[in-house]
Amino acid sequence: MDHFQYRGGHLFAEDVPLTDIAEQVGTPVYVYSTATLERHVNVFRDAFEGLDALICYAVKANSNQAVLKTLARAGTGADVVSLGELRRALAAGIPADKIVFAGVGKTPEEMAAGLDAGILQFNVESAPELEMLNTVAGQRSRTAPVSLRVNPDVDAKTHAKISTGRSENKFGISWTQVSGLYDRIRDLPHLEAVGVDVHIGSQLTALDPLKAAFTKVVSLVRSLRQNGHVIRHIDLGGGLGIPYEPGSAPPPLPSDYGRMVRETLGGLDCRIILEPGRLIAGNAGILLTKLLYDKHGDERRFYIVDAAMNDLSRPAMYEAYHDIVPVNDPSGTERIPVDIVGPVCESGDTFTRARPMPVVRPGELLAIKSAGAYGAVMSGTYNSRPLVPEVLVNGTDFHVIRPRQTLDDLLALDRTPDWLAD
Ligand SMILES: *Cc1c(COP(=O)(O)O)cnc(C)c1O
């Protein structure tokens, strides 16, 4: 459930009419709901009641510091994948001992920053990364807490670009190497193995692949313990899918996921770390856009809107479905098939094809739903389109949490070399 609902024929974000935000901030604009973010955290936390579970929100899904602060106040930690994300999480008040550092290509500088901050653990993805972390920790006279990210070679049955748990993917340590690498950690003076980590992909719509991966992790933990390793944390990654398309089969509920985790891992006496990103932020945000033109082609009809693939790239990148609704609830029931497209000079700049839509007039607003995760964070400035603003709603209040980039800001990023100076 989210807090984007119609009232009296107009779409609201909590208690704020979206038309008010469009008037004051302009379009396109991302709009997030505080109540929805908080609700998602609470629903997810409730699903793991009785377990020693820590929610480390995957910052890459939506890294605006106001969003992170909202989540920090709701008690979450953070899963970060870069120095930038680490800095954001710390600045938002997320305690270092609730931060895990993931990613296949951590630089020595990033390792040093994580060590200096005192983060909970590094999720290490390769043998050479392990050696580097030992070196960096040694230079700082520290011991780095390490979990190895294992690759369980299971098919997450999601889009290829967000599938990470097969042996052909770049992620994780292959099953045959895992045990030897834990032995290696024992030999390295500046590392301490604290856990095991697994993350098989994103937007998972069934529990079976997760259960298959977790079952493999359980047997791994048992055999590691037999070899004398102390395994205190099991990090299960993120990946639980969210409903994008009304009427399609919904993904598993967090409560079902929690039950499966309890059944599969409950007996191991470990702290469970969870890294949901999309589940927390996805349906807590929309992209508000304005219809520019209603273009009648020979075979198709196009709604040309002011948002484009540079603002929300999921449809172009993953063929992702987003529900798109008019902000003014249409009075009639007539639906016409339209392609909803942006102004960017790419045929891929298409949010949907032949979608039955109500008749909307130029100047009216549309809400592209489920855009709170992997939306603004993946936006760019292709076609010299400035980054769009982000707004956070809280009850009757709203605040611009990232202003629209100005064209002056954008152009000022370029530098003229001497030989081209006038
Ligand atoms: C992307 C990612 C997540 C978050 O995935 P969601 O599908 O958004 O929940 C968690 N952990 C790792 C390691 C990731 O790469």
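Which residue is covered by the UniProt annotation "modified residue: N6-(pyridoxal phosphate)lysine"? According to that unreviewed entry, the answer is Lys60, and the first close-up below goes there. The model is predicted, so local features need pLDDT of at least 70 and side-chain atom pairs count only at pLDDT 80 or more, while totals for chains, interfaces and linings use all residues. Residues are numbered from 1 along each chain as its sequence is written, and side-chain values use heavy atoms, with hydrogens and water left out.

**View 1. Lys60, the annotated lysine, sits in a loop.** The loop runs between strand E5 (53-58) and helix H3 (65-73); helices (H or I, at least four residues) and strands (E, at least two) are DSSP runs, numbered from the N terminus. Is Lys60 buried, exposed or partly exposed? With a relative accessible area of 37%, Lys60 is partly exposed, since buried means under 20%, exposed over 50%, and partly exposed in between (1.4 Å probe, protein chains only). Skip the neighbours within four places in sequence, and Lys60 is in contact with Val81, Glu85, Tyr374 and Val377; contact here means heavy atoms within 4.5 Å. A word on the label itself: UniProt positions are given in the numbering used here, feature names are shortened, and annotations may be inferred rather than shown by experiment.

**View 2. Gly342 is a buried loop glycine.** Look for Gly342 between strand E17 (336-341) and strand E18 (350-357). Its relative accessibility is 10%, so Gly342 counts as buried. Leaving out residues within four places in sequence, Gly342 has contacts with Val305, Ala307, Ala308, Asp349 and Phe351. Leu291 is 51 residues away from Gly342 along the chain, with 9.6 Å between the two C-alpha atoms.

**View 3. Glu129 is a buried glutamate in a helix.** The helix is H6, residues 127-139. Glu129 has just 6% relative accessibility and therefore counts as buried. What does Glu129 touch, not counting residues up to four places away in sequence? The list is Gly103, Val104, Lys106, Met111, Asn123 and Val124.

**View 4. Thr27 and Pro28 are joined by a cis peptide bond.** Omega of this bond is about -10°. Pro28 belongs to the loop between helix H1 (18-25) and strand E4 (29-33).

**View 5. Gln203 and Asp269 have positive phi values.** Gln203 is not a glycine, yet its phi is about 55°. This glutamine is in the loop between strand E11 (191-197) and helix H8 (208-226), and at 14% relative accessibility Gln203 counts as buried. Asp269, also a residue other than glycine, has phi near 55°. Its loop lies between helix H9 (254-265) and strand E13 (271-274). Asp269 counts as exposed, at 72% relative accessibility.

**Setting for the close-ups: the whole protein has 12 helices and 21 strands.** Its C-alpha atoms fill a box of roughly 70 × 60 × 40 Å, taken along the principal axes. Of the 422 residues, 54% count as buried. Take the contacts between residues at least 6 apart in sequence, and 70% of them join residues at least 24 apart.
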